[in-house]
Amino acid sequence: MLLAFETSCDETSAAVVQQGRVLSNVVSSQIEAHAEYGGVVPELAAREHLRNLIPVAHKALSEAEATTEQVEAVAATQGPGLPSALMVGLRAAQSLAFALRRPFLGIHHHEAHLYSPWIQGCPPTADFSSFEPNVSLIVSGGHTMLVFVEAELKHRLLGSTVDDAAGECFDKVGKLIGLPYPAGPMIDRLAENGNARAFDFPRPMINDANDDFSFSGLKTSVRYFLRDHPELLEQEQRLRDLCASVQQAIVDVLVAKTIRTARRLRVSCITASGGVTCNRALRRELSAACTREGLKLRLAEKELCTDNAAMIGVLAERKLLRAPVGTSLDADIQPGWKLE
Ligand code: KG4
Ligand code: ZN
């Protein structure tokens, strides 16, 4: 049985995992604490983690009907992420591992995202028996990247955003039209009754022959568009059309580049995770494109799209099975840790 922590950004999470089965996955979101500032405030995130970590860990253990004595290993996100936030989870996990005399594992947050689409069912269980080489899209508020997962625990970063992440674009466009942070889920809902062809926004880098993304130009074009059409903010249906059009531009880029990369690498499977993978249009269109192209698609389940400790625990357990060596109890956080 393994206890895992995730505190890289604004979710405090603890999970208990046993042989790939997620026995509990408790996530305490700090969205409300940060909303009034329009984004994540690092100092505030760290304080919230300090306040929430022990209650969240208690809840994870009690939901799993487990005691600390049964914990055979402890894992935590080591990076990348907000330094002060990472420190809370990492040091707590190392201290617990020290006290229990159990191995500790420091996990790469994005590497954990790569395997979250393989956790499915009820109770959520990691199914690595059906694993196959895939192109993985990680798309969140802080990151947009394409990764070639050649084999289990073997991956290569293909490309990432050169400026804003896709989720950041949703959030910044939301701010321009007066939506609270994070705006992604609300734009998703507003777009449902909007016309995605009403306004033609740019699809940055969609035809570039690389696996990188760029979303800051799209946000800027929405800003100029609203400067020239301020009356639109007062018209409910036009606002829905705007949300649908912006969302369509983002989804078009994500889907086109992911599919093209999979074809180039001749893999037959695509996976996706990260908060933006909750977006219904993205799920729908990626799914339709994969069907068209004869590709298999594994989307992380919605509760595992956003940051969670279950994916940290599943990867840590997998690593321990491969090689029973832990991370040093002195190991420090790695806020800028790059995915190889
Ligand atoms: O993975 P996540 O919880 O945190 C990190 O950024 O690491 O992702 C949060 C991001 C936010 O930018 C949020 O607006 C976006 O995911 N998001 C969505 C949706 N749900 C969350 N964006 C579009 N549509 C959604 N349904
Ligand atoms: Zn994440």
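# Briefing: cores, zinc site and ligand 1 pocket

Just after helix 5, Gly178 takes a positive phi of about 85 degrees; helices here are DSSP runs of H or I with at least four residues, strands are runs of E with at least two, and both are numbered from the N terminus. The model is predicted, so local features need pLDDT of at least 70 and side-chain atom pairs count only at pLDDT 80 or more, while totals for chains, interfaces and linings use all residues. Residues are numbered from 1 along each chain as its sequence is written, chains are lettered from A and ligands numbered from 1 in the order in which they are written, and side-chain values use heavy atoms, with hydrogens and water left out.

**Nonpolar cores and helix 5**

- The largest nonpolar core (buried Ala, Val, Leu, Ile, Met, Phe, Trp, Tyr and Cys residues joined through side-chain atoms within 4.5 Å) has 49 residues, of which Phe201, Phe215, Leu242, Ile250 and Leu254 touch the most other members.
- Helix 8 supplies the largest share of this core, with 13 residues.
- Leaving out residues up to four places away in sequence, Leu254 is in contact (heavy atoms within 4.5 Å) with Leu137, Val139, Thr144, Ala166, Phe213, Phe215 and Leu282.
- A second, separate core of 32 residues includes Cys269, Ile312, Val314 and Ala316.
- In helix 5 the buried residues (under 20% relative accessible area, against over 50% for exposed and partly exposed in between, with a 1.4 Å probe and protein chains only) are Ala166, Gly167, Cys169, Phe170, Asp171, Val173 and Gly174, and they pack against strand 8, strand 9, helix 6, helix 7 and helix 8.

**Zinc site**

- His109 (NE2), His113 (NE2) and Asp307 (OD) coordinate the zinc ion (ligand 2) at 2.1 Å; donors are N, O and S atoms within 2.8 Å of the metal (3.2 Å for Na, K and Ca), and water is not among the atoms, so sites may look incomplete.
- Because His113 belongs to helix 4 (residues 109-115) and Asp307 to the loop between helix 10 (302-305) and helix 11 (309-322), the pair ties together parts that are 194 residues apart in sequence.
- His113 is buried at a relative accessible area of 1%, and Asp307 also counts as buried, at 14%.

**Ligand 1 and the loop at Ser140**

- Around ligand 1 there are 18 residues (each with a heavy atom within 4 Å of it), and Gly141, Asp171, Asp188, Gly275 and Asn279 come nearest.
- Among the polar contacts (pairs of N or O atoms within 3.5 Å; within protein, one must be able to donate a hydrogen and the other to accept it, and residues adjacent in sequence count only if both atoms are side-chain atoms), a nitrogen atom of ligand 1 is 2.8 Å from an N or O atom in the side chain of Asp188, while an oxygen atom of ligand 1 lies 3.0 Å from a backbone N or O atom of Gly275.
- Taken alone, ligand 1 exposes 560 Å², and the protein buries 89% of that, by the Shrake-Rupley method with a 1.4 Å probe; for residues, only the protein chains shown count as cover.
- Ser140, in the loop between strand 8 and strand 9, counts as buried at 13% relative accessibility, and its side chain reaches the backbone nitrogen of Gly142 at 3.2 Å.

**Backbone exceptions**

- Most residues other than glycine have a negative phi, and most peptide bonds are trans.
- The Tyr181 to Pro182 peptide bond is cis, with omega near -10 degrees, and Pro182 lies in the loop between helix 5 and helix 6.
- Glu65, although not a glycine, has a positive phi of about 50 degrees, and this residue is exposed with a relative accessible area of 72%.
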